Structure formats: structure tokens, C-alpha cells
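Trainee: Got a minute to go through this one with me? I'd like to talk it over before I set anything up.

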Amino acid sequence: MYASTGCSITLHHTEKQDHEDTCEYRPYACPCPGASCKWQGALEAVMSHLMHAHKSITTLQGEDIVFLATDINLPGAVDWVMMQSCFDHHFMLVLEKQEKYEGHQQFFAVVLLIGTRKQAENFAYRLELNGSRRRLTWEATPRSIHDGVAAAIINSDCLVFDTAIAHLFADNGNLGINVTISTCCS
């Protein structure tokens with residue numbers, strides 16, 4: 001199905017669907033969580049799409065940045081999104097708040113690479129919350145935007161914390177997350 005975009009694998013028809021669901025050459029969907037954006041396109045077009053269709057997303061340069069989520073006490077499900085640019089790549093930083101059941105909210109923080117799964121394996125990220133004599137750290141390999149935020153949350157492959165923890169680290173309803181991207185040795 002994706003031969004025109006570079007896939008060269010030939011499979012028996014019974015294996016075809018499984019491969020197409022995970023093929024690196026399938027179109028990329030808009031990686032913005034919570035957005036009702038139906039855009040799809042080539043990997044090379046993702047950043048252009050984000051800059052034109054989602055102008056509110058801030059991009060910071062550098063390996064070490066602070067991702068500031070404002071108004072974390074907003075009711076209901078909320079997404080905060082930011083881009084980080086370093087090592088000639090773009091990374092999407094996402095903090096998502098979900099209501100798990102009445103009155104119990106959880107936060108999920110994850111880093112996605114605007115790139116393939118294979119490219120993502122070349123990087124590591126660290127998310128760190130710092131407060132008064134407290135530190136909460138999560139280190140992992142970023143996921144490709146092909147996998148998306150939902151897959152990271154479903155697999156608990158992200159920093160997860162509840163409202164009480166968020167308030168330990170928040171300052172006037174704003175939560176600063178230190179984000180560090182590094183390269184891995186192959």
C-alpha cells in the first residue's frame with residue numbers, strides 16, 4: 001500500500017494489514033493531542049503543518065529548556081504542547097491532564113520525536129519537576145510521532161503524577177518541567 005512512499009516489503013495478504021498499521025512509510029497524522037485536526041502527510045511536512053495550522057505552539061531552542069504549563073487547575077481534560085529544537089531535530093513536549101474518575105485527575109508528560117521510530121532510538125529525554133527539597137525525574141527514549149501521545153499514556157511510558165503531586169511542584173497554578181534531550185551512543 002505504501003510502495004509509492006518508499007516501502008519495499010512484499011507480504012502474504014494475511015500479514016499485510018498488520019504491517020500497514022505499523023509501516024514507517026504510512027502517512028503521519030497531525031501529532032497535536034486533543035486537536036480535531038485531520039491532517040495527514042509526509043514526515044518532512046509535519047513541522048510545516050504545525051507552524052501554519054497550530055501557530056499557538058511555542059518552539060524553544062536547545063538541549064535544556066523549561067516547559068511551562070500555565071493554569072494547571074483548569075477543570076476537565078487539558079493539553080499543553082510545546083516544541084523543542086536541538087540536534088537538528090524537533091521534539092514535541094506534551095503534558096496532558098485527564099480525569100480518570102470523578103474528582104481524580106492525572107497528569108501525563110511525554111516527549112515525541114518528529115521523526116521515525118528508528119531515529120527516536122538515537123535520543124533520550126529527561127523530565128524533571130523540582131520543588132522545595134523535592135525532585136521527581138523521568139528518563140526514557142522519546143517515541144516517534146507515528147506512535148503518538150495516546151500510545152505512550154496507554155503503556156505508561158511517560159511521567160505520570162496526580163493533582164497532589166502537581167501542587168507540590170506548582171507555583172501559583174503554573175508547573176515548570178525541566179526538559180533535557182540527549183543523544184545516545186549506538
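Trainee: Let's start with strands. In what sense do E4 and E12 pair, and over how many bridges?

Mentor: Keep in mind that this is a predicted model. E4 and E12 are antiparallel partners, with 6 bridges between them. For a landmark in that pairing, look at Ala-69, which sits opposite Leu-175 of E12.

Trainee: And which strand do 6 bridges join to E12, besides that one?

Mentor: That's strand E8, residues 123–131, and E8 and E12 also run antiparallel. You can check two positions there: Ala-124 faces Ser-182 in E12, and Glu-128 stands opposite Asn-178 in E12.

Trainee: What holds strands together like that in general?

Mentor: Strands in a sheet pair through backbone hydrogen bonds, in either a parallel or an antiparallel way.

Trainee: OK, zoom out. What's the strand order in the open sheet?

Mentor: The order is E4-E12-E8-E9, so to speak a list of 4 strands, with antiparallel pairing. The edges are strand E4 (64–69) and strand E9 (134–140), each of which pairs on one side only. From one strand to the next, the twist averages 25 degrees.

Trainee: Switching topic: how many cavities of 30 Å³ or more are there?

Mentor: The count is 1. The largest cavity holds about 30 Å³ of space.

Trainee: Which residues line the largest cavity?

Mentor: The lining is made by Phe-67, Leu-93, Val-94, Ala-109, Val-110, Leu-127, Ile-177 and Val-179. Strand E6 (89–101), strand E7 (104–113) and strand E12 (175–183) are the elements that give two or more residues to it.

Trainee: How does that lining divide into nonpolar, polar and charged?

Mentor: It comes out as 8 nonpolar, no polar and no charged residues.

Trainee: Now helices. Which residues of H2 are buried?

Mentor: In helix H2, residues 43–53, the buried ones are Leu-43, Val-46, Met-47, His-49 and Leu-50.

Trainee: Why do you say they line one face of the helix?

Mentor: Look down the axis of H2: the buried residues fall within an arc of 160 degrees, so they line one face.

Trainee: What's exposed on the other side of H2?

Mentor: There you'll find Glu-44, Met-51 and His-52 exposed.

Trainee: Any backbone angles I should look at? Where is Arg-133, and what is its phi?

Mentor: Arg-133 is in the loop between E8 and E9. Its phi is near 55 degrees, a positive value in a residue other than glycine.

Trainee: Is Arg-133 buried or exposed?

Mentor: Arg-133 is exposed, because its relative accessibility is 86% and the cut-off for exposed is over 50%.

Trainee: Which other residue has phi near 55 degrees?

Mentor: Asn-172 has a phi near 55 degrees, again a positive value in a residue other than glycine. Asn-172 is in the loop between helix H5 (163–169) and E12. With a relative accessible area of 74%, Asn-172 is exposed.

Trainee: One last residue: where is Asn-130, and what is its relative accessible area?

Mentor: Asn-130 is part of strand E8. Its relative accessible area is 32%, so Asn-130 counts as partly exposed.

Trainee: And how far is Asn-130 from Asp-18, in sequence and in space?

Mentor: They are 112 residues apart in sequence, and the C-alpha to C-alpha distance is 42 Å.

Methods. Residues numbered from 1 in each chain as written. Predicted model: local features only at pLDDT ≥ 70, side-chain atom pairs only at ≥ 80, totals over all residues. Heavy atoms only, no water. 1 Å grid on protein atoms, 1.4 Å probe; cavity = no way out; pocket = protein on both sides within 12 Å on 5 of 7 lines; lining within 4 Å. Points joined across faces, edges and corners; volume = space filled by probe spheres on them. Nonpolar A, V, L, I, M, F, W, Y, C, P; charged D, E, K, R; others polar. Pairing = 2+ DSSP bridges. Axes fitted to C-alpha atoms, helices over the stretch in contact; angles between N-to-C directions. Buried < 20%, exposed > 50% of the residue type's maximum accessible area, 1.4 Å probe, protein only. Arc of directions from axis to C-beta.
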